[in-house]
Structure formats: structure tokens, C-alpha cells
Amino acid sequence: MDMLEKIRDFVRQNPGLKARTIASRLGLERPTINALLHAHKDTFQQDEASCWSLVAPVELSVEFGGKTWLAAKDVEKLLSKAGSPLDSPCQRVVFSLKKGSRMMLEALARLLALSNQLARAGKTVILDFDEARVTLSYLDRLGFFDHLNDAIQVLPKRPKRGLSRQYRGNNDGLIEFRAIDPAHEESDIPKLLERSFVSCAGDSYTVAVMTILSELYSNVLEHSKASTPGFAGLQFYKATHHIQTVISDSGLGIVGTLEAVLEQRYPKVAQKIAASKDHAGVALLKEVFSSGQISQVEAEGRGLGLKRSREFAKKFRARISVRQRDFELQIHHSNDRVTFTHDINLVRVEGTHICFDFMLDAPGRSV
């Protein structure tokens with residue numbers, strides 16, 4: 001690491017210090033530090049108190065690559081490394097998919113939701129698929145661009161062929177992104193997902209999958225309170241013999257709506273959450289999926305949907321991920337065991353983004 005890079009990293013982590021303090025902390029001569037700071041005004045800026053900080057970049061760039069297939073966890077790591085696009089002072093955000101990389105459905109759903117949220121926040125958003133044109137064609141087939149904000153620029157160019165509409169419904173291994181609009185509820189969406197899932201996995205999944213998807217769809221409608229529609233989709237990956245089903249919205253989120261009523265309506269649960277050593281949102285979601293009976297709606301029998309979904313998912317060893325504003329809960333099922341893991345301090349993405357990842361038995365084996 002050269003001296004300039006060393007100073008830049010130090011100032012990034014310790015903004016608002018004077019040159020003499022920077023020199024002392026780094027064990028360098030003050031004249032040397034002064035000379036470098038003043039010689040690179042494109043990198044460093046000085047305020048009225050002669051304290052130094054980094055010049056805010058005009059553009060935030062996130063490159064998605066490094067693997068052939070990027071899962072949601074890979075996307076989250078790359079976003080965290082680059083910084084939160086929604087909270088960044090940068091008004092221009094560029095997401096680029098590198099050559100040789102593709103994204104799993106769950107990762108694509110998060111990219112779509114975040115891109116639209118950035119556009120609605122007034123930021124300039126560019127999706128660069130110049131090195132990954134095969135993915136660009138797949139996204140057109142998936143219906144990604146049907147739900148992408150019109151203000152977002154796509155490179156090399158936004159597809160206009162409408163492959164999702166041209167081939168819509170003719171492949172049971174792919175359910176194109178369908179809009180979830182609380183103002184215009186479509187009960188056919190869970191049925192479409194269930195039909196596709198059963199076609200790929202077998203009739204033994206019918207009751208469980210229909211219960212899971214119906215409950216999940218209803219829960220998103222209940223907790224969304226979003227001003228824009230969410231979306232749902234499904235992809236069957238033959239090579240690894242598993243299915244990802246995603247349901248996403250950009251509203252207040254499960255935790256956001258429940259926290260507002262928790263103390264008044266569920267004081268015992270509120271006390272339990274407060275006493276937990278877990279992140280408050282993580283603890284609340286665990287309670288929702290484990291015990292149920294927590295809902296923002298005052299009606300008998302409400303709040304059991306996600307608990308029922310988890311119980312059915314357990315039967316088929318499914319993984320459930322629930323992404324909220326700045327954290328994620330993962331629910332893993334193996335035989336009769338259920339384990340929870342979580343990630344906190346993630347970049348801000350509004351809403352609820354859920355993925356049910358079903359690992360199917362290999363062909364020829366009984367379920």
C-alpha cells in the first residue's frame with residue numbers, strides 16, 4: 001500500500017481530523033502529509049476548521065461478479081462492501097454484472113426491488129449488462145424489465161422484444177415476475193406458482209406448496225402498505241434440482257407493521273423481544289415464524305400464516321429467507337430440525353423479500 005492510499009484509507013475511517021493529527025497517528029511528518037493532502041484536492045477536502053475528509057464520490061458503482069452463479073448472499077456482500085446505495089450521497093448508482101456471472105432468482109429479485117427504490121428516491125440508476133448479454137436475454141424472458149422503473153437506464157440497451165409476454169405461461173419451470181398489487185388482489189398468482197411447482201416436483205407437494213404460497217401471498221398483501229406493486233416469480237434449476245420461489249414488496253415490511261402494534265396488542269411478546277439478546281427485528285420474526293398469532297389485523301385466527309408456511313416447509317426440507325429493511329432471517333430445515341441464522345447491518349432495502357428454496361429429491365427417489 002503506497003502512502004497516498006494509506007492516507008486515503010485513514011481519512012475515510014477517521015474524517016474530520018487536522019493534518020498534524022493525521023501525521024501523528026500515521027507516524028509521518030506533518031509537511032509530507034500537508035503536501036499530499038493539498039496536492040490531491042480531487043480526493044481530499046478541507047473545511048473551515050482545517051479538518052480533512054474525503055470528497056464525496058459522484059457515482060456509487062457495484063460490480064457483481066467473482067462467481068458463475070451469484071446467490072442473494074453474494075449480492076448482499078458486494079452491496080455492503082460498496083456501501084448503501086439508498087443512503088449514499090451519490091446521486092448516480094451503477095450496477096454491473098461481470099462477464100461469466102449470472103444471478104439466481106432470489107438475487108435478481110433483490111436487485112430489481114432496490115433499483116426501483118433508488119429510482120423512486122430520485123437517483124439516476126444504470127444497470128450495465130454489457131458483459132453479460134445472455135443474462136440480459138434471460139431477464140427479458142423473466143419479465144424483469146416489465147417491472148423495472150422506466151427511468152432506469154439499461155446497457156447496452158433495454159430489450160423491447162417482450163419475451164416474457166411472448167412466451168408467458170409456456171414453461172412450467174419458469175413463472176415470469178407477476179405484479180402483486182394490494183389495490184388489485186389477484187388470487188391466481190399463488191395458483192400459478194403452485195401449478196408450476198407441482199409440475200416440476202410432483203403431486204406429493206400439492207397441499208403443502210399451495211398452503212405456503214397462499215399464506216405468503218396473503219401476508220405480503222397484509223403487511224405491505226406499499227404505494228407500488230410488488231412481484232412474485234419462480235425458477236426451477238434442473239442442474240441442482242431445486243426450485244426458488246420469490247415474493248417481494250417494497251412497503252413497510254413484516255417487522256415494520258408489527259412493531260407499530262406490538263406493545264399495545266401483544267405486551268407479553270414485546271417484553272420477550274426486549275429481553276432477547278437477538279437483534280429486535282430478528283427476535284420478532286423468529287416469534288412470528290415459531291409461534292404465530294401476531295398480526296396487525298384485529299381478527300380471530302390471524303397471524304398464523306407464516307407459522308403454517310414454516311411447518312409445511314419443514315416437511316420438505318426447505319430454506320426460507322426473509323429480508324427486511326437492514327437484516328435477514330434464514331430458516332433452515334433438515335430432517336426434524338429447524339435452525340435459525342441471521343445477518344444484520346445489511347444495506348437498506350425497504351419492504352419484505354422472501355424466498356422459499358426447495359431442495360428436491362433426485363429423480364427416481366421417493367419424497
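Which residue forms a salt bridge with K98? Select K98 and E63: the two form a salt bridge, with their closest N and O atoms 3.9 Å apart. This is a predicted model, and the tour starts from this pair.

**Stop 1: K98 and E63**

Color the chain by secondary structure and keep both side chains on display. K98 sits in the loop between β6 (92-97) and β7 (102-103), while E63 belongs to strand β4 (residues 59-64). The two are 35 residues apart, and the pair links distant parts of the chain. K98 has a relative accessibility of 24%, so it counts as partly exposed. E63, at 47%, is also classed as partly exposed, because that class covers the range between the 20% and 50% limits. In total, the structure holds 19 salt bridges.

**Stop 2: K67 and D74**

Next, select K67 and D74. Their salt bridge has its closest N and O atoms at 2.9 Å. Are the two ends buried or partly exposed? K67 is partly exposed, with a relative accessible area of 40%, whereas D74 counts as buried at 10%.

**Stop 3: E328, R110 and their network**

Move to E328 and R110, another salt bridge, where the closest N and O atoms are 2.9 Å apart. E328 lies in strand β14 (residues 328-334) and R110 in helix α5 (residues 105-120). With 218 residues separating them, this pair links distant parts of the chain. E328 is buried, its relative accessible area being 6%. R110 counts as buried too, at 7%.

Extend the selection to E76, E106, R319, R323 and D357. Together with R110 and E328, these residues are joined into one network by salt bridges that share partners. Side chains of opposite charge can pair when their charged atoms come close.

**Stop 4: the strands around β14**

Keep E328 in view and select the whole of β14. How many of its 7 residues are buried? The count is 5, so β14 is largely enclosed by the rest of the structure.

Add strand β13 (residues 319-323), which runs antiparallel to β14 and is joined to it by 4 bridges. To see one bridge, select I320 and its partner in β14, I331. The connection from β13 to β14 is a hairpin through 4 residues.

Then add strand β15 (residues 337-343). β14 and β15 pair in the antiparallel sense over 7 bridges. L329 and H342 are a convenient pair to label, since H342 in β15 stands opposite L329. The hairpin of β14 and β15 has 2 residues between the strands, and N335 in this hairpin takes a positive phi near 55°. Strands of a sheet pair through backbone hydrogen bonds, either parallel or antiparallel.

**Stop 5: Q117**

Return to helix α5 and pick Q117. At 6% relative accessibility, Q117 counts as buried. Which residues does Q117 touch, not counting those up to four places away in sequence? They are L86, S250, V349, E350 and H353. Display these five with Q117 to see its surroundings.

**Stop 6: the sheet of β1, β3 and β2**

Select β1 (17-18), β2 (44-46) and strand β3 (residues 51-54). They make up an open sheet of 3 strands in the order β1-β3-β2, with antiparallel pairing. β1 and β2 are the edge strands, each pairing on one side only. Between β1 and β3 there are 2 bridges. K18 has C51 in β3 as its bridge partner.

Now add helix α1 (residues 3-13), which packs on this sheet and touches β1, β2 and β3. The direction of α1 makes about 100° with that of β3.

**Stop 7: the largest pocket**

The last selection is the lining of the largest pocket, which has about 610 Å³ of space. There are 23 lining residues, and R12, L54, P57, K81 and A82 lie nearest the centre of the pocket. Which elements each supply at least two residues of the lining? They are α1, β3, β4 and α4 (72-82). β4 gives the largest share, 4 residues. Two of the elements named here have appeared at earlier stops: α1 packs on the sheet, and β4 contains E63.

Methods. Residues numbered from 1 in each chain as written. Predicted model: local features only at pLDDT ≥ 70, side-chain atom pairs only at ≥ 80, totals over all residues. Heavy atoms only, no water. Salt bridge = Lys/Arg side-chain N within 4 Å of Asp/Glu carboxyl O. Buried < 20%, exposed > 50% of the residue type's maximum accessible area, 1.4 Å probe, protein only. Pairing = 2+ DSSP bridges. Contact = heavy atoms within 4.5 Å. Axes fitted to C-alpha atoms, helices over the stretch in contact; angles between N-to-C directions. 1 Å grid on protein atoms, 1.4 Å probe; cavity = no way out; pocket = protein on both sides within 12 Å on 5 of 7 lines; lining within 4 Å. Points joined across faces, edges and corners; volume = space filled by probe spheres on them.
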